[in-house]
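Student: I am new to this structure and would like a close look at a single part of it. Could you pick one sheet, walk me through how its strands are arranged, and then show me what else is there?

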Amino acid sequence: MSQQRLGLRRLIQIVRRHKLPVGIMVALGLLAGGGYASFNPALVTSTALVLLPQAGQSALNVAGVNPYLETQEVIAKSIPVFVAALPHVRPATSLNKLRLAVEIGSESDDIISVSAKEKSAADAAATANAVAGSYISYTGSESTPGGRVQAQLLQRAANNAEKGRVAELVNYGIYALLGALFGAFLGIVVAAAVGRRDRRLRRRDEIANCIGVPVLAAFPVGHPSSAGKWTSLLEDYKPGALYALQLRNAIKHLEMAAADASPGSGNGRWSCTVLSLSSDPRALGLGPQLAVFAASQGIPTALVIGPQQDAKVTATLRAACAAPPASPERPGPLRLVVSDSDSGTDSDSDSGTEVPPDVTLAVVVAVVDGRNPHVPATMRTSATLLGVSAGAATADELARVAISAVAGGREITGILVADPDSDDATAGRLPQPVQHAVPRGQRAMPTRVTRIATEIRR
């Protein structure tokens with residue numbers, strides 16, 4: 001998994017798989033951008049206009065510049081004008097900050113504009129009017145350099161609160177959007193890094209190839225957390241048409257495997273063990289749902305809960321199976337069998353588990369530790385299936401379970417996948433090799449897993 005090339009399609013799959021953490025990162029980025037906008041609001045500009053007397057105006061020089069207007073602009077942004085305006089500006093500020101917040105310009109040859117930028121429309125209007133008033137007072141005094149100028153306020157700076165709110169919303173939206181985009185980018189990067197290091201198998205082909213066994217069925221499973229919920233699942237489970245077809249094919253495979261294992265027995269009884277990992281609680285529902293479906297098809301079925309490597313994993317299921325039926329809704333052919341000690345040899349005759357004689361199919365649920373698997377001494381069955389949910393186990397864990405099963409005399413013949421990945425378009429079907437007839441009295445060549453297990457037993 002970690003060596004796969006990270007293309008666009010795989011990146012989209014990883015992001016969809018980790019959509020919750022990516023969504024959290026987007027939300028955090030959105031909040032961060034909004035918070036930044038709150039502490040750094042957009043500046044609102046307000047402008048006051050001052051009218052100069054006609055008598056003081058002069059003609060344009062050769063360069064096209066009005067010297068008189070330039071002189072008045074210099075006076076308007078001089079230190080004495082700003083110092084006199086300081087007590088009236090809002091909010092209170094220093095001289096340097098006031099000079100940075102105010103801009104002096106000209107609308108025409110006889111109009112000077114005084115513009116102020118502040119965080120609120122009211123403060124911008126107050127500052128612009130204060131500087132404009134200070135300029136008019138300064139130039140109207142006798143001691144003004146360049147002579148007295150009878151300027152007058154043409155237009156006061158307006159407190160445009162509506163404009164300020166619009167600017168604030170636009171500023172907030174821009175920073176919130178930038179924050180969300182940055183959060184999404186960061187979330188995608190983290191998800192891609194985690195996804196590339198994730199060695200858990202999600203695609204059915206990957207699961208099948210890791211131990212060389214085909215996937216017989218892949219369907220959603222229930223995740224009961226109490227005995228009562230397990231009881232509801234055993235009574236109400238009804239798969240959709242697509243999953244029902246897969247389960248029907250899996251049952252047919254089990255029947256054929258039983259016939260191949262005991263040719264000519266003629267007893268019409270068959271059984272299977274569904275092995276799952278203790279670290280994969282979602283896969284625990286595979287065996288019960290297979291049994292419920294088989295019973296609903298009119299097959300007398302027994303769901304057997306025997307001893308486990310980790311009894312805590314199956315505690316609630318065991319309690320549900322041990323309790324008497326609370327509702328007549330449970331499929332009639334389904335029998336529930338619980339055993340605390342089981343060392344039987346097959347599904348028809350065993351010392352610890354009493355399977356009703358009228359049962360045709362026995363489904364045994366067994367859970368093992370993926371790191372150190374040891375198949376419990378459950379009743380012998382005609383087939384063994386590996387149950388795993390998508391994205392719950394690595395190839396090494398599944399291989400260890402398969403080797404442990406073979407070492408205990410059980411050959412895994414099929415895989416059931418719980419909660420298949422919605423992005424998985426594979427089927428988990430292995431190409432069938434050419435079968436050569438094996439002369440009577442000779443054994444077929446062992447599989448790779450069988451050879452490894454044989455070496456371990458030695």
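Tutor: Let's take the open sheet of four strands, whose order is β2-β3-β1-β4 and whose pairing is antiparallel. Please keep in mind that this is a predicted model. At the edges of the sheet you will find β2, covering residues 102-108, and β4, covering 152-155, and each of these pairs on one side only. If you step from one strand to the next, the twist averages 35 degrees.

Strands of a sheet pair through backbone hydrogen bonds, in either a parallel or an antiparallel way. To see this in detail, look at β1, which spans residues 44-51 and pairs with β4 in the antiparallel sense over three bridges. You can put your finger on one partnership: L49 has Q155 in β4 as its bridge partner. A helix accompanies this sheet as well: α3, residues 67-76, packs on the sheet and touches β2 and β3, the latter being residues 111-118. The direction of α3 makes about 155 degrees with that of β2.

Now let's set beside it the other sheet, an open one in which seven strands follow the order β5-β11-β10-β6-β9-β7-β8 with parallel pairing. Its edge strands are β5 (215-219) and β8 (334-338), each pairing on one side only. Here the twist averages 25 degrees from one strand to the next.

Within this sheet, β6 (residues 270-277) and β9 (residues 361-368) run parallel and are joined by eight bridges. Pick out S271 and you will find that its bridge partner in β9 is A362. Helix α8, made of residues 204-211, packs on the sheet and touches β5, β10 (383-389) and β11 (412-418). The direction of α8 makes about 155 degrees with that of β11. Helix α12, residues 315-322, also packs on the sheet, with β7 (301-305), β8 and β9 as the strands it touches. The angle between the directions of α12 and β8 is about 120 degrees.

Next, follow helix α7, residues 161-197, where N171 has its place. Is N171 buried or exposed? N171 is buried, because its relative accessible area is 12%, which is under the 20% cut-off. Leaving out residues up to four places away in sequence, N171 touches A37, N40, P41 and A42.

Helix α7 also takes part in the one aromatic pair that the structure holds. The pair links distant parts of the chain, with Y36 in helix α2 (residues 19-39) and Y175 in helix α7, 139 residues apart. A pair of aromatic rings is described by the distance of the centres and the angle of the planes. For Y36 and Y175, the ring centres are 4.9 Å apart and the planes are at 55 degrees, so the pair is tilted. Both residues count as partly exposed: Y36 has a relative accessible area of 43%, while the value for Y175 is 29%.

Finally, a word on the cysteines. A disulfide is a covalent bond between the sulfur atoms of two cysteines. How many disulfides does a search of the whole structure find? The search finds zero. As for individual cysteines, C210 is partly exposed, with 24% relative accessibility, whereas C272 is buried at 0%.

Methods:
Residues numbered from 1 in each chain as written. Predicted model: local features only at pLDDT ≥ 70, side-chain atom pairs only at ≥ 80, totals over all residues. Heavy atoms only, no water. Pairing = 2+ DSSP bridges. Helix = DSSP H or I, 4+ residues; strand = E, 2+ residues; numbered from the N terminus. Axes fitted to C-alpha atoms, helices over the stretch in contact; angles between N-to-C directions. Contact = heavy atoms within 4.5 Å. Buried < 20%, exposed > 50% of the residue type's maximum accessible area, 1.4 Å probe, protein only. Phe/Tyr/Trp six-rings, centres within 6.5 Å; stacked < 30°, edge-to-face > 60°. Disulfide = S-S within 2.5 Å.
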